[in-house]
Every structure is written in structure tokens, then in C-alpha cells.
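Grab a pencil and work through a few exercises on how helices pack and where the open spaces lie. Try each task on your own before reading its solution.

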Amino acid sequence: MHPSLDQAMAESAERVAAVMHTLLPGLRPDAAGVLHTSPPEAPLWEAMRYGALGGGKRLRPFLVLESAKLFAVDLGQALRTAAAVEFVHCYSLIHDDLPAMDNSDLRRGKPTVHKQFDDAIAVLAGDGLLTYAFEVLADAETHPDAAVRCALVTALAQAAGPAGMVGGQMMDLVAERTPFDLAETTRLQRAKTGALFGFSARAGAILGQAAERDHQALTGYADAMGLAFQIADDLLDVEGTEAATGKPVGRDAAAGKATFVSLLGADAARRRATELADEAGRSLAPFGAAADNLKAVAQYVVNRQS
Ligand code: GRG
């Protein structure tokens, strides 16, 4: 990775982690302000913390912070938005790992939430993170203008919901028993993975009440970058190792699922990912050098090992 991107991503991850820790404290007072040392709901908060804190590349928060910089958005507002999108991402990983879905034991190099706790707690921890993300966005601390908060909530709901990530996950289940072609696989991945990247890249424009053309430039960037990310993910599933990725590999082929690699072949998939990363960079032309980190991250997602 380019040293300056490496440093920028590490700084962003540290800042977002601090806000996520604050938003997910170990013990919380109840509605009456009483702090119980061992309340019955404690395992839920513990599982939410386990699933959300520690580990992960924190890519989506990085996109939020970099997009926020383009519009001189207040850092505190950007960090809360970044934490919210990471909560949604972590919820999706917790549920995706469940026996009813991918049935994975390892995530981010650690036992998955249902392995560490149990299936029921993992379902609740995912539900808790998902709903809490919207509580964070809807809070006046995220933005003083209620219309901006409402736009954030709407955009994240669209990205995460049936027209976005969850819809993509449904298509993914169908893809296990129906051969998907390239167009169908692209539509699936745009929804399952790309929609949340799209929200993250546009979040700064929403917070900064930017012009429509800026939203469009960032949408174009995220669309190409998200597909490049997914092609790289498919390549890692074939060529990567469990030790480097921190999660099981070889799952797509075992499930008989069409991927960009199975459809295009590894070499053509790699070339396509590189083209898409370049295309993502070109979409950012209106922002000039201010978008250099976003350009660099599009190249990084193609070349990453985890
Ligand atoms: C409601 C039971 C139930 C399940 C829904 C929504 C959902 C499950 C799954 C969403 C789809 C999903 C998990 C997509 C995976 C996208 C992806 C490649 C994730 C890995 O992202 P990285 O590489 O991970 O950014 P880190 O760990 O670095 O954050």
C-alpha cells in the first residue's frame, strides 16, 4: 500500500474506533440513569462490541471521512456517520456468518459472533447494531439540520435494505441454486456490496449539502470502486489464504456460486478490476487533488491481500 494511504487509513481507523467505543460502552445506565453491574441484557452489548470493535479494514468509514473532507464537513459529524455505517457493515458480517447463511467460524481472524456467544445472541447483536446505527444518525449530534439527518437515514436505509445489501444477499442465496450470468452477478454485487460503499462515498456530500453533480461524481466513483472491490474479493476467495484474509476461503467454488472469477477467468477478472479502479479515479476528476486518497483507495482495494 502507498505509505501515505496506509497512514491515512490507520489514522481514520483509530479515530472511528474511538467514537465506536464511546457509542458502545461496556455498561450503560438504564432509562432511569441507574448503572446495573450485571444487567440481563449485558451479553447483547458484549456481543455487539465483540462484533463491531477490533479488526477489519474500516474501509467504509474511511470513505465517509474522505468524502466529508471534500466538503469541509465537521469531523465529529463525519465520525458519527462513519461509525453508523460500520455498525451496519458489522451487523451484515455477523448475520452473514450464521449457520443459516454462510456458516462461517472465522471472521477478522477471530471466532465469529455465533461461535463466541450463540446463534440467538448473534442474531440480536446484528439487529442491535443495525438499529443502533439509525439511532446514531438520527441524533442531533450527527447534524444540526433535521433535513440532513433525515437524508442520511433515508440513504443508509436504501443502501442497507431490500433494494440494497439485503436484496443482494437474497440474490446471493438464489445464486447458489441458479446459474447467474455476468449481468446478474454484477447486479447482485452492486446491491450486496456496492450499495453500502455508495452510501459511504456520498455521506460527505449529504452532510455538506453538496451540489447534485458532486453526488453523481461520488456515486460513479463508488459504483466502479465497489465492483473492483468485489472482483478482488472473488480473487482472494480463490487465491488467498485463511491466515491472510482472517476468514475461510474457497467458499464460492464449494457453494457452486458464479463469481467474477468463475465467469471471466482469473486473469480477465484481474484486468477488469484494474480498469474499474482507474474508472473510479477518473470519476473524481472534479475534486482534483483533494480526492487523492479516494483515488488511492480504489487502487488499494484491487491489490489488497485481506
Ligand atoms: C438478515 C440473517 C440475515 C442476513 C443478512 C445483509 C447480510 C446478511 C449480508 C450482507 C452481505 C455481506 C456480508 C456482504 C459481504 C461484503 C463483503 C465482501 C464484506 C467484507 O468486507 P471487508 O473486506 O471486511 O471490508 P472487513 O472485515 O475488512 O470490514
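A pocket here is an open set of grid points with protein on both sides within 12 Å along at least five of seven lines, and its lining residues have an atom within 4 Å of a point. Keep in mind that this is a predicted model.

**Exercise 1. Find which helix gives the most to the lining of the second largest pocket.**

Step 1: Start with the space itself, which has a volume of about 180 Å³.

Step 2: Look at the lining of the second largest pocket, made of 13 residues, with Arg 190, Gly 194, Ala 195, Gly 198 and Asp 223 nearest the centre.

Step 3: List the elements that supply two or more of these residues: α7 (146-160), α9 and α10.

Step 4: Pick the top contributor, and you land on α9, with 6 residues.

Step 5: Sort the lining of this second largest pocket by class, and you get 5 nonpolar, 5 polar and 3 charged residues.

**Exercise 2. Describe the largest pocket and say which helix gives the most to its lining.**

Step 1: The largest pocket comes out at about 1,100 Å³.

Step 2: Its lining takes in 50 residues, and Leu 93, Asp 96, Arg 107, Asp 233 and Lys 247 sit nearest the centre.

Step 3: Plenty of elements chip in with at least two residues each, among them α8 (165-175), α9 (182-207), α10 (212-239) and α12 (251-255).

Step 4: The winner is α4, which gives 7 residues to the lining of the largest pocket.

Step 5: By class, that lining splits into 17 nonpolar, 15 polar and 18 charged residues.

**Exercise 3. Work out how many cavities of 30 Å³ or more the whole structure holds, and what lines the largest cavity.**

Step 1: Searching the whole structure turns up 1 cavity of 30 Å³ or more.

Step 2: The largest cavity holds about 140 Å³ of space.

Step 3: Its lining has 16 residues, with Gly 51, Ile 94, Arg 107, Thr 112 and Val 113 nearest the centre.

Step 4: Two or more of those residues come from each of α2 (42-52), α4 (75-97), β2 (110-111) and α5 (113-116).

Step 5: The largest share of the cavity lining is 4 residues, and α4 provides it.

Step 6: Sorted by class, the cavity lining has 8 nonpolar, 4 polar and 4 charged residues.

**Exercise 4. Decide whether α3 and α15 run roughly parallel or roughly antiparallel.**

Step 1: The axes of α3 (residues 59-70) and α15 (residues 292-303) come within 10 Å and cross at roughly 160 degrees.

Step 2: Angles over 145 degrees count as roughly antiparallel, so α3 is roughly antiparallel to α15.

Step 3: Check the hand of this crossing: α3 passes α15 in a left-handed way.

Step 4: Find who touches whom: residues including Phe 62, Glu 66 and Lys 69 of α3 take part, along with Asn 293, Val 297 and Tyr 300, among others, of α15.

Step 5: In total, this contact has 8 nonpolar, 2 polar and 2 charged residues.

**Exercise 5. Now do the same job for α3 and α10.**

Step 1: The axes of α3 and α10 come within 13 Å and cross at roughly 160 degrees.

Step 2: α3 and α10 are therefore roughly antiparallel to each other.

Step 3: Their crossing is right-handed.

Step 4: Leu 59, Arg 60, Leu 63, Ser 67 and Leu 70 in α3 meet Leu 218, Tyr 221, Met 225 and Phe 229 in α10.

Step 5: The contact of α3 with α10 divides into 7 nonpolar, 1 polar and 1 charged.

Methods:
Residues are numbered from 1 along each chain as its sequence is written. This is a predicted model: local features need pLDDT of at least 70, side-chain atom pairs count only at pLDDT 80 or more; totals for chains, interfaces and linings use all residues. Side-chain values use heavy atoms; hydrogens and water are left out. Axes are lines fitted to C-alpha atoms, for helices over the stretch in contact, and angles run from 0 to 180 degrees between N-to-C directions. Angles under 35 degrees count as roughly parallel, over 145 as roughly antiparallel, 65 to 115 as roughly perpendicular and the rest as oblique. A crossing is left-handed if the near helix is turned anticlockwise from the far one by less than a right angle, and right-handed if clockwise. Contact means heavy atoms within 4.5 Å. Ala, Val, Leu, Ile, Met, Phe, Trp, Tyr, Cys and Pro count as nonpolar, Asp, Glu, Lys and Arg as charged, and the others, Gly among them, as polar. On a 1 Å grid over the protein atoms alone, a cavity is a set of points where a 1.4 Å probe fits but cannot get out, and a pocket is an open set with protein on both sides within 12 Å along at least five of seven lines; lining residues have an atom within 4 Å of a point. Grid points are joined across faces, edges and corners, and a volume is the space filled by probe spheres set on the points.
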